[in-house]
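The following paragraphs go from the whole chain to its cores and then to two of its helices. Please keep the sequence and the model in view while reading.

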Amino acid sequence: LAATEAGALFQARGPLQDDGKFSVVANDDGTISFKSKFGKFLQADEQGQVRADLAEALGWERFELGRGLNGSISLASRSHKFLTFEKGGLLVARSENANESFVFEMFEAEGPGQHFANDRAFPNLWGMHHWAGFDIDAPEAWKVWTGEVGKGITVAVIDTGIDYTHEDLREQMWVNPLEIPGNHIDDDHNGIVDDIHGADFVNQDGDPMDDMMHGTHCAGTIAGVGNNRQGVTGVAWRGVRLMALKFLDSAGAGRISDAIQAIDYAVAQGAKIASNSWGGGGSNPALRMAIEHAEAAGMLFTAAAGNEANDNDVTPSYPANVDCANVISVASTTWLGAVSTFSNTGMNTVHVAAPGSDIFSTVPGGGYRSLSGTSMATPHVTGMAALVWMYRPQLSMHQVKEIVVGSVRKLSSLEGKIISGGLINAKNALEAAWAFAP
């Protein structure tokens, strides 16, 4: 599909040209709009005529999205008629049957305000960037900052461990500077032998290798190596040092006492952010004290809101519901900007939302896989917070939290359901961080 300056549309043949490129505008009501290279909106009028000649947004330029087979999409006009091509190549919006209209595929091109990663699986990372527009605007942020310079930041992943040999993670792993690898001695006298990349509190040793997959998946979203022509791209391309703290076993089960040990370890080793894609059980005074201790040390604590489709205001989920100033509770959204069907929410207890349905990331053994959950949404927030903090290291933990929560993109689907009413936005966050600079 291509557009002329006068707004006429035609079926283009051969390689993609500029007249076949449209900017996608995601609207807060879940619809999308298209702008031609000439700055005119694509519109469908009441008679079903489709042109790209609307100079300003009046409502006729809004289209509802539907997903078809093999990645194709349908587009429905304001009059609830589906776009389709008639014989002769004329594009119209007159079809009552969506099945006739699953004929569109989207091909993405980097815009002037974006920086795409060259990683093979980047097109699969809809949470980072997607033409539907309900992503975190990662390429727009990467145009400004990717984390590739500076002193970096340590992020503790409190989970099932991390496959620290994975091609997309091994360069990002935290290394204990006081421990000598493989000498079977507790060199730093912290009670754990050879804790090089973190610790395993399930087996009480220094090897936090992931024997499940959950923690490795979270780690890839936070800081999978970016722009290395392989695998996935983390929110932060470089600079993050991933500290693997295993307290969940191969079945994904764990004890709160072990989680507390993991939090205390992260504080002792100077981690600035702890990513917590786990939850369960009731309020625990000892857990709260550990999180308060982390707050006093200046550590940000991101936490998954939970996957029971509950209202956390009514049915609390811990640790996300721990009322400490360093906690950011995270809900999950879909590629169309809706709250994921499984996601917990809470107008007074859940702070932000992030992409969490069908998230592609790293898994043990050098592999990659899609998973869903608020567990997958939380690493997007963690990675973005790390990117912000590396961009402006002088910020306090409370300022970073204020930026993360305050820079969201408001969505009608989230209004009244979470504190911020919005989806995290990396571009907005970096702009807000710049404004905080002295």
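Contact here means that heavy atoms lie within 4.5 Å of each other. Buried means a relative accessible area under 20%. The model is predicted.

The protein chain contains seven helices and 21 strands. Its radius of gyration is 23 Å, close to the 22 Å that the globule rule gives for 438 residues, so the chain is as compact as a globular protein of that length. The C-alpha trace spans about 75 × 45 × 45 Å along its principal axes. Of the 438 residues, 56% are buried. Among contacts in the chain with a separation of 6 or more, 65% join residues 24 or more positions apart.

On the outside, the protein chain exposes about 18,000 Å², and carbon and sulfur atoms supply 50% of that area. There are 30 positive and 51 negative side chains, with the centres of the two sets 9 Å apart.

Turning to the interior, the largest nonpolar core has 55 residues, and V240 and L242 have the most contacts inside it. Helix 5, residues 374-391, gives the most to this core, contributing ten residues. Which residues does V240 contact, leaving aside its neighbours within four places in sequence? They are I153, V155, Q172, I222, A223, A386 and M390. Another core, of 37 residues, lies apart from the largest one; A93, F104, L411 and I418 are among its members.

Helix 2, residues 214-223, is the next element to consider. Ten of its ten residues are buried, so helix 2 is largely enclosed by the rest of the structure. The buried residues run from H214, G215 and T216 through H217, C218, A219 and G220 to T221, I222 and A223. What covers them includes strand 11 (153-159), strand 13 (240-246), strand 14 (273-276), strand 18 (359-363), strand 19 (367-371) and helix 5. The contacts of V240 give one detail of this arrangement, as they include I222 and A223.

The last stop is a charged residue in helix 3, which covers residues 256-268 and holds D258. Is D258 buried or exposed? With a relative accessible area of 3%, D258 is buried, since the cut-off for buried is under 20%. Beyond its neighbours within four places in sequence, D258 is in contact with F201, V202, Q204 and F247.

Methods. Residues are numbered from 1 along each chain as its sequence is written. This is a predicted model: local features need pLDDT of at least 70, side-chain atom pairs count only at pLDDT 80 or more; totals for chains, interfaces and linings use all residues. Side-chain values use heavy atoms; hydrogens and water are left out. Helices (H or I, at least four residues) and strands (E, at least two) are DSSP runs, numbered from the N terminus. The radius of gyration is taken over C-alpha atoms; the globule rule is 2.2 Å times the number of residues to the power 0.38. Buried means under 20% relative accessible area, exposed over 50%, partly exposed in between (1.4 Å probe, protein chains only). Accessible areas come from the Shrake-Rupley method with a 1.4 Å probe; for residues, only the protein chains shown count as cover. Lys and Arg count as positive and Asp and Glu as negative; His and the chain ends are not counted. The place of a charge is taken as NZ of Lys, CZ of Arg, CG of Asp or CD of Glu. A nonpolar core is a set of buried Ala, Val, Leu, Ile, Met, Phe, Trp, Tyr and Cys residues joined through side-chain atoms within 4.5 Å.
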